[in-house]
Amino acid sequence: MAGTESVSAAVNRRRFLLASGATAAAGVAGTSAGTLPPRQRQNPVVEPAARTVAQRPPRSAPRAAPYALTTLETTARLGGSAHTGTYRRLVSGPGWPLVVRKELARPGAGRQDRRTPLACFVQFTDLHLADVQNPLRTEFLRSRGASSWRAQEALTVAGAVALVEQVNALGGGPNTRLRPAFVMTTGDNVDNNSAIELEWFLTVMSGGRITPNTGDPRAYEGAQNSGLPLYWHPGDPHLRDLDKRRGLPLIPGFLAAATRPITSPGLRIPWYSTVGNHDDLPGGCLSPALNDFAVGSRKLLSVSAADAAAYAKALGSGDDPKSEVLKAILTRNAASARTVTADERRRLCTPHDYLAAHLDPAHAGAGPVGHGYTQDNLDGERMYYTFKVAENVLGISIDTTYRSGHYEGSLGSDQLRWLERTLAAHSSRSYDADGRLVRNTGADDAHILVFSHHHSPSMTRRPDAARTDEPRHDGAEVIALLSRFPNVVAWINGHSHVNRITPHAHAKPARSFWEVNTASHVDYPHHARLIELTDNGDGTVSLFTTLVESAAPHRTARDFDDLSAVGLASLYREVAYNAPGLAESMKGGVQEGWAGGPGDRNAELVVAGGSATT
């Protein structure tokens, strides 16, 4: 994967897990796993958390939450020895320090004593809540390599509930002492674009009881009891499958526990939603025309090497015929597919369905109704909007998906023009496309945070068959637009499943901004972010990007016999850390390619702006 991960030993994990869904080759050009972008290596300043606390402004209220709720104090790390095979248990390791990123503005001395807290909120991204029994899933690609299927996917709901519990436990932010005001999800909330997964997601976020099971309510019908040694069979003591040979444990009762009801407390703070390609498209990249397979009764778990290669090639090419290739494979192999219980709840969601579900008062939770979307969004099937982050701080959520079927992202011309108008309405000073200063005396100046699912390298220009009359615009064009407005502080996104923070510098420092790309909560390292914004009182603002894990303990039960909701959430994290090829490549429990380097984790991002700007 260019930029965030080298395409190599992991058997193109992005291509098979995410390009059959999210990202095939969507990284920052010129970087690779374990390598930081050049700007990021320019002498970052590391500040221990304890020093940060000591320099808080006295006017702020005491902070309620301990640092143990963030990665400033402790993080999950792989233990020193394997349980069996290559499987390693997790332990609690030291936290990661705060790194001051100074590529875009000079950090002023004494800013800790004069800064004014502006905002505090949490980012979730790439939860990928998955109905693993859905017939439209393409687990059969694992025949192309062990990394092409996630052994932990049956536990996505338990893991997401534990993340909600962690956010509910957060007190004041470590750098502002403000309590988080809301959660923003930056897309890929679900995995298969199905109605039942969307219901699970909305219930996880807003509270209620979830049964993460489909098809036969009395039995699991998926890869993990299929009898095929290609997949981990946690409950089968006789099958020596691929994953048990790697060291994954025998856990009697695992599948029954993974599919039993679980109750989410729901977030106690409002939450907002940004759409991702998995929310908009089956598998994150396929055509809605495949609905009949999703709700049908034949689940394909094994194909010939030729068929697997044909579909992998279609995914890798990025061309639209991949849906037709998959349809032909599913049809040709129907007789050898597993018979499962058909379930209408697996129907694919249209954009209208997605918006209507968010607007349903039954899913309002702590608010707001619609979670950013309004009736106007529903009427026009527009998935972009603005909202108030805090006083004098504006949030803009954009829709970067290709509705016709593609894992990459882009913006249509209509939305790009809307984004430009919105930025102008909140910027008294901006620059036109030729670099000329533009003044807008009627604008209500605000710090601006932009949210999307796709990060800039994964946005391309290609025709969208669902919107043929509208040109599309790539990440470079979005960066160029955002850099025209000095009020833009950051562009916050997901999609890559990697922690990566990129400075977008401009010759005029006021036109620079940060891009904050956060890892997934389905793959290692299972991170969300606690984001805080401050005015430093010296012509700069700081954005703090503290990583947060779920509430699940790092240690799993010694004999893997804790199958409570908490135990499953811990196991979810541990199995993800033991993904094929991943554990072996970690150094000291950290693999920079996905967790990011020090400057991609707990960082203070300084940028021009603020009350002393001239």
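Here is a short walk through some of the salt bridges in this structure. The model you are looking at is predicted, and it holds 31 salt bridges.

Let us begin with Arg137, which pairs with Glu153; the closest N and O atoms of these two are 2.7 Å apart. To find Arg137, look in the loop between strand S5 (116-124) and helix H4 (156-169); Glu153 is in the loop between S5 and H4 too, so their salt bridge ties together parts that are 16 residues apart in sequence. Both Arg137 and Glu153 are buried.

Next, turn to Asp399 and Arg403. Their side chains meet in a salt bridge, at 3.8 Å from N to O. Here again you can check each partner's surroundings: Asp399 is buried, and Arg403 is buried as well. Now return to Arg137 for a wider view. Through salt bridges that share partners, Arg137, Glu139, Arg150, Glu153, Asp191, Lys299 and Asp523 are joined into one network. Try picking out these residues in the 3D view, starting from the pair you already know.

The last stop is the salt bridge between Arg218 and Asp216, whose closest N and O atoms are 3.1 Å apart. Is each partner buried or exposed? Arg218 has a relative accessible area of 74%, which is over 50%, so Arg218 is exposed. Asp216 has a relative accessibility of 14%, which is under 20%, so Asp216 counts as buried. In this salt bridge, then, an exposed Arg218 meets a buried Asp216.

Notes. Residues numbered from 1 in each chain as written. Predicted model: local features only at pLDDT ≥ 70, side-chain atom pairs only at ≥ 80, totals over all residues. Heavy atoms only, no water. Salt bridge = Lys/Arg side-chain N within 4 Å of Asp/Glu carboxyl O. Helix = DSSP H or I, 4+ residues; strand = E, 2+ residues; numbered from the N terminus. Buried < 20%, exposed > 50% of the residue type's maximum accessible area, 1.4 Å probe, protein only.
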